[in-house]
Amino acid sequence: MARRVRAAAAALLLLVIVGAVPAALLSWGVAPAALANLTRPDDGSAVLALLTVIGWLAWLAFTVSVLVEAVNLIGRRAVPLRLPLLGGLQSIAGALLVTALSAGVLPAQAAPQQPATAPTATVAATSDDQPQEARSSEHQGHSDKGGYLVRPGDDLWSIAEQVLGDGSRWRLIADANPELLANPTVDLAPGVRLAIPETGWPKAEPRTVTVRRGDTLSGLAEKHLGDSAKWTRIFQANRDRIEDPDQIDIGWKLVIPAGPADSSKPVQARPVRKPATVPQQQAPEIQQPAPEIQQPAPEPAPQQQQPAQQQPAEQQPVEAGTPASDPAWPLIGGLSGAAAAMILAGVGVNRLGQLRARPIGRRINHPPVDVRRYETALGHRERPESTELLEQALRTLGAHAHATGSPLPRLQLIRLDEASVRFEWSRPPAVGAPEGFDETDGCWRLTTAAASALPPSTHPVPFPALVTLGRDDQDAWIMVDLEARSPLALDGPRALRHAAAAAMAVELSCSPWASELSLTVVGGDEMFVRAACPELVSFHARAEPALDALEALLVERGADESAIALLRVDPDRAEAGAAQVLLVADELDDAEASRLARLLADRDLGVGGVVAGSGDAVLRLSGTESDPQASLEPDGLSLRPQLIAAHTRAAIGTIFAATDEATDTDAPWWSDADNVRPLVQRRESVQVGEPEPETVNHPYLKLIGPIELVGTAGPQPARARRQCEEYCAWLLQNPRSTATRMANELVVAETTRRSNMSRLRAWLGSDADGQPYLRQAYSGRIELHPAVESDWQRVQVLTASGLNRLAPDTLVRVLEFVRGAPLADAAPGQWRWAEELRTDIASLIRDAGVLLTRWALEHHDLDVARWAAARALLAAPEDELLLVERINTEALAGNAAEVQRLVRWVTGQARVLGVDLAPETVDACQRAMEGRTRPRAAR
């Protein structure tokens with residue numbers, strides 16, 4: 001609606017200027033002959049005549065500018081016509097003309113509008129032909145040989161800004177892709193590969209700068225390119241040197257690419273994007289709240305397409321069925337909430353391993369800035385309760401089958417929604433349903449309410465090879481057991497098969513009930529499988545090795561007469577009945593297909609398969625990655641399939657790769673200077689205890705513990721308070737940012753962002769001088785008042801010189817800020833953008849606790865040592881280094897009972913997590929329990 005209003009207003013303004021102004025001048029103006037009265041007594045007619053002449057000249061200049069811009073637009077000129085002395089007026093005329101054309105208010109340009117599905121049809125071909133190049137393009141943005149692969153949120157202006165050095169050169173790209181961009185105002189579909197012209201306006205030569213203390217990529221971009229949001233251009237120009245955009249070292253020589261200020265080239269109006277329509281997915285227009293007063297920055301960051309409709313701000317994001325109802329859709333498509341929860345659970349396990357293995361003074365790695373949006377989108381879609389409900393049902397069924405000694409029948413399918421999980425059998429079960437389940441028409445159903453009354457269970461599950469196929473017309477997620485439908489055939493375009501196979505692979509590898517499952521993947525997206533799936537997943541480029549391994553397993557299992565269905569639910573023998581799944585993403589030749597069919601003929605050996613091609617059970621895929629359809633045969637079910645598109649696979653793979661335990665970097669809170677002095681005892685003793693409550697007279701956001709915004713001058717909002725606190729934290733972490741970047745990184749619709757910003761502005765209020773704490777973004781940059789701060793910012797100021805250079809009493813001040821784990825009460829799905837912030841806070845506090853505890857032990861101050869370790873453990877619960885310091889403290893105090901308890905705690909924790917203790921931890925436990933370390937063989 002707002003776009004149409006703007007287009008109508010632009011068209012009306014053009015008509016008024018071009019048509020009504022001449023009529024007004026003719027009616028009310030004075031003939032030029034009256035200028036002769038300048039030599040006579042003034043009666044006013046001469047001045048009016050002069051103004052009339054100026055009006056006619058201005059009208060003529062503007063009308064000619066409109067005509068020239070129309071020629072540029074209709075003719076799709078690579079080098080547009082420019083009028084001398086009328087550059088600014090021509091830019092205004094061009095902007096009005098393109099805005100009017102963008103919604104069809106004026107007659108469209110000569111080139112016909114391309115259907116919305118046309119560009120995406122090209123995706124399959126490009127993805128099929130060059131899958132690896134496409135994946136690498138997701139991070140580098142473009143390839144010199146392969147062109148530019150469009151990502152979600154790209155438009156012609158942002159692409160030209162990245163690859164040509166200036167967004168105003170977008171016409172060159174439009175002219176180079178006439179078959180894809182018949183109408184350059186239509187939104188670009190993710191996955192389209194655009195040709196990039198090699199000629200154009202000459203660009204200035206790049207220059208080199210030396211990194212100095214305090215420099216950042218955004219600061220260098222602000223200084224040399226005029227906009228901090230252009231830091232990605234510097235990052236891309238120095239990919240051979242910079243691995244982490246947050247980490248650049250003093251003395252590095254970085255290439256600064258040519259910027260707008262470096263080249264003399266005409267300025268053009270930015271094309272107004274005309275969203276492509278999605279068939280049968282049009283949402284009704286809704287009334288938007290009062291807009292936040294702001295103007296766009298001169299050259300804003302690349303825009304993320306925002307949907308036209310969004311749920312109320314207070315409502316938690318739901319699993320939406322259409323792009324229009326879900327701001328996360330452009331990033332992760334129709335990925336289910338259960339699958340999102342499984343992926344994030346896998347990332348969480350990896351990140352926990354990073355934190356456990358992190359040496360003191362180091363910082364764990366995080367995904368690049370442009371990829372973190374995907375993790376935020378996964379958090380918005382995450383529905384852990386669905387996963388918990390299904391896992392509870394499966395473990396209850398496993399215990400029931402084991403207790404009755406009666407194997408469950410083959411599973412036809414599972415329907416999972418927000419309220420229940422329904423098991424539909426291929427034949428009626430021989431025994432009744434377990435307690436808590438309802439029996440209806442031969443199906444067993446467990447509701448969320450009934451599951452909450454069941455006792456927790458860790459019993460082996462009977463169906464570990466479950467995968468989600470998609471959503472039916474009742475918005476229920478359809479899952480099938482790959483063993484019961486072996487082999488399940490994937491039929492459709494290669495790009496869709498790869499996207500479906502990737503979704504199955506990551507779900508099988510991350511699901512909490514499939515820890516005993518072994519997955520083998522043949523073909524498809526190798527980079528994604530190796531990055532996103534654990535070590536137990538095997539990848540083969542060819543089918544022969546996988547078929548050999550499967551044949552050997554079947555020979556071994558065929559020699560045993562035990563029923564796999566009962567082995568699997570027996571806690572003592574479950575490992576022998578572990579499911580084996582072979583996932584083949586590409587079609588096999590006739591000999592391989594025949595061999596696989598022969599191996600999978602026996603369905604009682606715990607083996608399942610997914611193959612490309614046709615078969616008795618088929619998931620038939622059609623459409624495109626952005627608008628897919630599917631049917632499950634022979635069931636006759638129409639589905640919206642669960643896929644992971646190419647750009648999403650690249651992002652998820654990057655997230656998993658960044659959580660490699662072996663990678664970490666220097667911590668900004670640690671000093672590596674040569675003159676670092678050890679902590680020394682002050683003359684006065686160090687006092688520890690609960691800090692005195694502090695009175696604040698300005699907005700102050702507490703993040704190290706439960707989240708709390710205090711010291712505000714306005715009333716607390718009646719709704720969306722937590723979201724307002726989240727927005728405040730984001731603004732503190734991203735000063736002078738833009739509305740577009742904020743909406744993109746928080747993955748919220750613009751209407752939601754504006755509403756919450758209005759609430760936050762009213763809540764913060766104004767200072768004593770009447771200055772608002774959250775100013776209106778008249779400059780296009782959102783700024784908080786300098787007085788607004790957080791406890792994390794205060795800690796950063798205290799530790800700026802390095803934790804290892806601080807005096808003991810300063811470390812005490814740092815630990816006094818701790819009230820609990822960072823972001824302790826953040827709701828699931830929220831604050832996903834702040835994972836780096838959360839882990840940095842926990843890491844700094846842990847390092848401070850270790851330093852102060854060690855210093856206190858050296859000076860035999862047991863009270864300070866106990867206080868420091870206990871305080872730090874609030875922020876970093878169960879941290880191994882802190883627990884070792886606790887053991888050392890109690891051993892020094894001679895508290896044998898507490899030492900034994902702590903040793904059992906740390907060793908038991910390692911067993912639960914399935915990890916090894918660090919050698920230093922083993923030594924500390926041996927010294928505390930046995931008085932010395934055990935002898936080792938000489939090496």
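## A tour of the chain, stop by stop

Start with the whole chain in view: among contacts (heavy atoms within 4.5 Å) between residues at least 6 apart in sequence, 72% join residues at least 24 apart. This is a predicted model, in which local features need pLDDT of at least 70, side-chain atom pairs count only at pLDDT 80 or more, and totals for chains, interfaces and linings use all residues. Residues are numbered from 1 along each chain as its sequence is written, and side-chain values use heavy atoms, with hydrogens and water left out.

Colour by secondary structure. The chain has 30 helices and 24 strands. Helices (H or I, at least four residues) and strands (E, at least two) are DSSP runs, numbered from the N terminus. Now show the surface. About 42,000 Å² is accessible, and 54% of that belongs to carbon and sulfur atoms. These areas come from the Shrake-Rupley method with a 1.4 Å probe; for residues, only the protein chains shown count as cover. Of the 939 residues, 53% count as buried. Buried means under 20% relative accessible area, exposed over 50%, partly exposed in between (1.4 Å probe, protein chains only).

**Stop 1: two packed helices**

Select 369-381 and 739-746. These are helices α12 and α22. Their axes are 7 Å apart, at an angle of about 55°. Axes are lines fitted to C-alpha atoms, for helices over the stretch in contact, and angles run from 0 to 180 degrees between N-to-C directions. The pair is therefore oblique. Angles under 35 degrees count as roughly parallel, over 145 as roughly antiparallel, 65 to 115 as roughly perpendicular and the rest as oblique.

Show side chains. From α12 come Val369, Arg373, Thr376 and His380; from α22, Asn744, Glu745 and Leu746. The residues of this contact divide into 2 nonpolar, 3 polar and 2 charged. Ala, Val, Leu, Ile, Met, Phe, Trp, Tyr, Cys and Pro count as nonpolar, Asp, Glu, Lys and Arg as charged, and the others, Gly among them, as polar.

**Stop 2: Thr387**

Move to helix α13, residues 384-404, and pick Thr387. Thr387 counts as buried because its relative accessibility is 8%. Leaving aside neighbours within four places in sequence, Thr387 contacts Ala338, Ala341, Met342, Pro512 and Trp513.

**Stop 3: strand β8**

Select 420-425. Strand β8 is largely enclosed by the rest of the structure, because 5 of its 6 residues are buried. Two strands pair if DSSP finds at least two bridges between them. Strand β7 (411-416) pairs with β8 in the antiparallel sense over 5 bridges. The two form a hairpin with 3 residues between them. Find Arg415, which stands opposite Arg422 in β8. Then add β10 (443-447), joined to β8 by 4 bridges and running antiparallel. Here Phe423 stands opposite Trp444.

**Stop 4: a sheet under a helix**

Which strands make up the open sheet of 3 strands? The order is β23-β22-β24, with mixed pairing. The edge strands, each pairing on one side only, are β23 (708-710) and β24 (789-790). Strand β22 (700-702) pairs with β24 in the parallel sense over 2 bridges. Label Leu701: its bridge partner in β24 is Ser790. Now add helix α21 (721-733). Helix α21 lies across β22, β23 and β24, at about 105° to β22.

**Stop 5: Ala585**

Finish in strand β16, residues 580-587, at Ala585. Is Ala585 buried or exposed? At 2% relative accessibility, Ala585 counts as buried. Set a distance to Val521: the C-alpha atoms are separated by 7.6 Å, with the residues 64 apart along the chain. Not counting residues up to four places away in sequence, Ala585 touches Arg497, His498, Ala501, Val522, Gly523, Gly524 and Ala612.
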